Amino acid sequence: MADVLNAIYEEDFLGFSYGFRPGRGAHDAHDALATAIIRAKVNYIVDADIAKLFDSVSQGWLVRFLEHRIGDKRILRLIQKWLRAGVLEDGRIEVLERGTGQGAAISPLLAPGECSAFPSIYLHYVPDLWADRWRRREARGNMVIVRYADDAVFGFEYEADARRFLEARRERLAAFALRLHPDKTRLIVPGLDPGIGRFAAANRKRRGLGKPETFNFLGFTFICDKSRKGGFLLKRKSRGDRVRAKLKEIKEGVRKRMHEPLARQGKWLGQVVAGWFNYHAVPANSHALGAFRFHVVDLWRRALRRRSQKDATTWEKITALEREWLPLPKILHPWPERRFAVKHPRWEPYAGIPPVRFCAGGAQ
């Protein structure tokens with residue numbers, strides 16, 4: 001059922017939706033957002049995440065949305081049965097009036113969460129179609145939208161547009177039983193909070209303020225900085241809290257395996273570090289990659305020394321081990337605007353026609 005509905009709704013989902021869609025991933029969303037900030041007139045950012053999406057979805061509205069595209073009443077009844085199946089907790093079955101139940105096979109498609117693998121029908125009808133209409137009819141300047149599952153970032157040319165949109169978005173979500181996350185939703189503007197975009201640093205320096213503020217999106221912290229030649233450079237740095245959480249996980253893993261053969265430990269650690277690099281090895285993030293690898297090596301050394309009071313694992317020995325088993329930090333991803341240009345060439349329909357679209361299929 002999920003495969004069938006996915007094929008139907010893939011034709012309807014808008015270009016700025018990147019969450020769990022075929023041929024799209026988190027780095028595609030990064031490329032679209034970074035390219036928009038670099039090339040378009042984006043001076044203000046609204047970072048707006050939806051709180052507890054799985055638990056807040058209105059089942060009534062969800063069925064009404066499905067009725068727009070699904071004419072088979074049997075399919076609709078089957079989906080409603082899944083929604084009313086309830087949740088088993090402590091031996092008791094609780095039938096929920098809201099939410100989709102994260103264990104249901106169809107729930108990822110209906111409303112995705114952290115572990116889902118399909119797009120969201122509910123988010124398509126509630127915020128996406130409305131935001132696309134607001135951009136075309138209400139925005140006075142350029143507006144960029146990038147959404148990955150329930151995480152969304154909006155870029156604006158004018159501060160007034162950003163403030164009006166944030167307030168209107170709150171009202172729109174409230175009408176459909178959703179709300180913005182109070183701790184993860186903010187408006188980044190020059191003067192109060194540091195701004196974003198290529199002119200943010202110059203504007204804040206003229207006002208006697210500090211560096212532009214950063215914002216987080218899909219595991220990275222976006223930072224406005226200068227290149228070595230003095231031009232504008234948008235950096236992406238691995239989020240500190242995500243790095244610390246991963247290192248804590250590795251620490252527990254190496255302690256559990258510290259009595260295993262060194263080759264088995266090294267193979268496991270090499271796979272973990274390689275997996276981290278595969279996602280985080282983006283341009284301008286070399287320092288964070290090197291620091292991450294250093295801490296992994298140090299955790300491995302500490303775990304080995306705990307095996308015995310007479311353990312002789314010195315830095316020279318651990319250096320030889322890490323050279324043999326751990327990959328070196330290396331940038332694996334191209335600059336976002338270059339990969340974006342390859343995937344969305346200028347000859348595509350509507351490419352680069354603001355403010356209707358920033359680029360076809362990308363940051364619309």
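Let's start with a pair of charged residues: aspartate 132 and arginine 135 form a salt bridge, with their closest N and O atoms 2.4 Å apart. This is a predicted model, and a search through the whole of the structure turns up 16 salt bridges. Below is a quick tour of some of those bridges, then a couple of surface patches, one helix, and a few residues picked out for their backbone or their neighbours.

**The bridge in helix 7**

- Both aspartate 132 and arginine 135 sit in helix 7, which covers residues 121-137.
- The two are three residues apart there, or about one turn of the helix.
- Why does that spacing suit a pair of side chains? An α-helix has 3.6 residues a turn, so residues three or four places apart point the same way.
- Are these two partners buried or exposed? Aspartate 132 is buried, because its relative accessible area of 15% falls under the 20% cut-off.
- Arginine 135 also counts as buried, with a relative accessibility of 2%.

**Two bridges in helix 8**

- Helix 8 runs over residues 159-174, and glutamate 159 and arginine 163 are four residues apart in it, so about one helical turn separates them.
- Glutamate 159 and arginine 163 form a salt bridge, and their closest N and O atoms are 3.0 Å apart.
- Glutamate 159 is partly exposed at 29% relative accessibility, and arginine 163 is partly exposed too, at 39%.
- Another salt bridge links aspartate 161 to arginine 164, with 2.6 Å between the closest N and O atoms.
- Here the partners are three residues apart in helix 8, so again about one helical turn lies between them.
- How covered is each partner in this pair? Aspartate 161 counts as buried at 2% relative accessibility, whereas arginine 164 counts as partly exposed at 32%.
- Elsewhere, Asp132, Arg135 and Arg136 are joined into one network by salt bridges that share partners.

**Patches on the surface**

- Which residues gather in a patch of positive charge on the surface? They are Lys248, Lys251, Arg255 and Arg306.
- Lysine 248, one of the residues in that patch, lies in helix 10, which spans residues 240-256.
- Lysine 248 is exposed, because its relative accessible area of 56% is over the 50% cut-off.
- There is a nonpolar patch as well: Met1, Leu78 and Trp82 make up about 230 Å² of surface.
- Methionine 1 belongs to the segment before helix 1 (2-9).
- With 31% relative accessibility, methionine 1 counts as partly exposed.

**A look at helix 2**

- Helix 2 takes in residues 26-39, 14 residues in total.
- What span should helix 2 have at 1.5 Å a residue? The expected figure is 20 Å, and the end C-alpha atoms are 20 Å apart, so the two agree.
- Helix 2 is mostly covered, with 13 of its 14 residues buried.

**Positive phi angles**

- Alanine 149 has a phi near 60°, which is a positive value in a residue other than glycine.
- You'll find alanine 149 in the loop between strand 4 and strand 5 (151-156).
- Alanine 149 is buried, at 5% relative accessibility.
- Leucine 218 isn't a glycine either, yet its phi is positive, at about 55°.
- Where does leucine 218 lie? Its place is the loop between strand 7 (215-217) and strand 8 (220-226).
- Leucine 218 counts as buried, with a relative accessibility of 13%.

**Pairs set apart along the chain**

- Arginine 147 is part of strand 4, residues 143-148.
- Arginine 147 is buried, with a relative accessible area of 5%.
- Arginine 147 and leucine 123 are 24 residues apart along the chain, and 9.9 Å separates their C-alpha atoms.
- Leucine 262 lies in helix 11, which covers residues 262-280.
- At 24% relative accessibility, leucine 262 counts as partly exposed.
- How many residues along the chain lie between leucine 262 and its partner, leucine 321? They are 59 residues apart, while their C-alpha atoms are separated by 8.4 Å.

Terms used:
Residues are numbered from 1 along each chain as its sequence is written. This is a predicted model: local features need pLDDT of at least 70, side-chain atom pairs count only at pLDDT 80 or more; totals for chains, interfaces and linings use all residues. Side-chain values use heavy atoms; hydrogens and water are left out. Patches are made of residues with over 30% relative accessible area and no salt bridge: like charges are joined within 9 Å, nonpolar side chains (Val, Leu, Ile, Met, Phe, Trp, Tyr) within 5 Å. Accessible areas come from the Shrake-Rupley method with a 1.4 Å probe; for residues, only the protein chains shown count as cover. A salt bridge is a side-chain nitrogen of Lys or Arg within 4 Å of a carboxyl oxygen of Asp or Glu. Lys and Arg count as positive and Asp and Glu as negative; His and the chain ends are not counted. The place of a charge is taken as NZ of Lys, CZ of Arg, CG of Asp or CD of Glu. Buried means under 20% relative accessible area, exposed over 50%, partly exposed in between (1.4 Å probe, protein chains only). The expected span of a helix is 1.5 Å times one less than its number of residues.
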